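Please open the structure in a viewer and follow the stops below in order. Each stop names a selection and then describes what is found there.

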Amino acid sequence: MQARDLMTDNPACCRSDSSIRDAARLMVEHDCGEIPVLDQSGAPVGVITDRDVCCRLVAQGIDCVNSKVGDFMTTPAIVVRKTDSAEDCRMVMEENKIRRVPVVDSGGLCVGIIAQADLAKKTDSYMVSHFVKEVSTPTPNSEQYGGM
């Protein structure tokens with residue numbers, strides 16, 4: 001099984017100059033917690049997550065209406081290729097402690113996204129339990145969210 005078999009095609013995406021509010025609306029409209037942030041060519045440069053919005057803006061009292069995605073997104077974009085194996089995708093997500101990962105084609109353009117739920121639905125229970133355990137282990141990087 002490859003990333004193309006796991007991914008959700010054509011995910012909602014935004015640009016770095018999009019407003020945080022617009023990105024949050026996309027998350028609501030598409031029932032997702034992460035929006036890939038693309039450059040002019042369609043290549044991921046970062047992601048904006050529900051956690052970024054909550055911890056980097058709301059908890060800090062920053063105006064969400066006038067703030068831009070590029071100022072608060074998580075960078076660099078960690079990605080997998082659509083031809084990567086399911087195991088490779090899981091390892092990338094575990095190593096980076098991420099629950100979602102954009103999928104790119106051979107030209108580096110965003111063509112999909114894999115979420116923890118995709119692994120749960122389409123892979124074996126051992127892979128899922130190992131993944132959840134590894135991704136859920138706390139990291140010493142909590143300062144990136146203002147000490148939260």
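Begin with the whole chain in a cartoon view and trace it from the N terminus: the elements run α-β-β-α-β-β-α-β-α-β-β-α-α. In total, this predicted model contains six helices and seven strands. Of the 148 residues in the protein, 41% are buried. Contacts often link distant parts of the chain: among those between residues at least 6 apart in sequence, 60% join residues at least 24 apart. If a surface is switched on, the protein exposes about 8000 Å², and carbon and sulfur atoms supply 50% of that area.

**Helix 2**

Select residues 20–29, which form helix 2, and show the side chains of its buried residues, I20, A23, L26 and M27. Where do these buried residues fall when one looks down the axis of helix 2? They lie within an arc of 120°, and therefore they line one face of the helix. Rotate the view to the face turned away from that buried side, where the exposed residues V28 and E29 are carried.

Next, add the elements that cover the buried residues of helix 2; among them are strand 2 (14–15), strand 3 (34–38), strand 4 (44–49) and helix 3 (50–57). Before leaving this region, select D31, just after helix 2, which takes a positive phi of about 50°.

**Helix 4**

Move to residues 86–96, helix 4, whose buried residues are A86, C89, R90, M93 and E94. Viewed down the axis of helix 4, these buried residues fall within an arc of 130°, so they too line one face of their helix. Continue to K97, which follows helix 4 and has a positive phi, near 50°.

**Strand 6 and V103**

Select residues 100–104, strand 6, and pick out V103 within it. Is V103 buried or exposed? V103 counts as buried, with a relative accessibility of 0%. Show what surrounds V103: leaving aside its neighbours within four places in sequence, its contacts are A3, M7, V80, R81, K82, L109, C110, V111, G112, I113 and I114. A distance label may also be drawn from V103 to T83, which is 20 residues away along the chain; their C-alpha atoms are separated by 9.2 Å.

**Strand 7 and G112**

One of the contacts of V103 is G112, which belongs to strand 7 (residues 110–115). G112 is buried as well, at a relative accessible area of 0%. Which residues does G112 touch, not counting those up to four places away in sequence? They are M7, T8, D9, N10, P11, P102 and V103. Draw a line between the C-alpha atoms of G112 and D9: the two are 103 residues apart in sequence, yet 4.4 Å apart in space.

**The cysteines**

For the last stop, display the cysteine sulfur atoms. How many disulfides does the structure hold? It holds zero. C32 is in no disulfide, and the nearest cysteine sulfur to it, that of C13, is 9.3 Å away. C32 is partly exposed, with a relative accessible area of 28%. C110 is likewise in no disulfide; its nearest cysteine sulfur is that of C13, 4.2 Å away. A disulfide requires two cysteine sulfur atoms within 2.5 Å. C110 counts as buried, at 16% relative accessibility.

Key:
Residues are numbered from 1 along each chain as its sequence is written. This is a predicted model: local features need pLDDT of at least 70, side-chain atom pairs count only at pLDDT 80 or more; totals for chains, interfaces and linings use all residues. Side-chain values use heavy atoms; hydrogens and water are left out. Helices (H or I, at least four residues) and strands (E, at least two) are DSSP runs, numbered from the N terminus. Buried means under 20% relative accessible area, exposed over 50%, partly exposed in between (1.4 Å probe, protein chains only). Contact means heavy atoms within 4.5 Å. Accessible areas come from the Shrake-Rupley method with a 1.4 Å probe; for residues, only the protein chains shown count as cover. The arc is that of the directions from the helix axis to the C-beta atoms.
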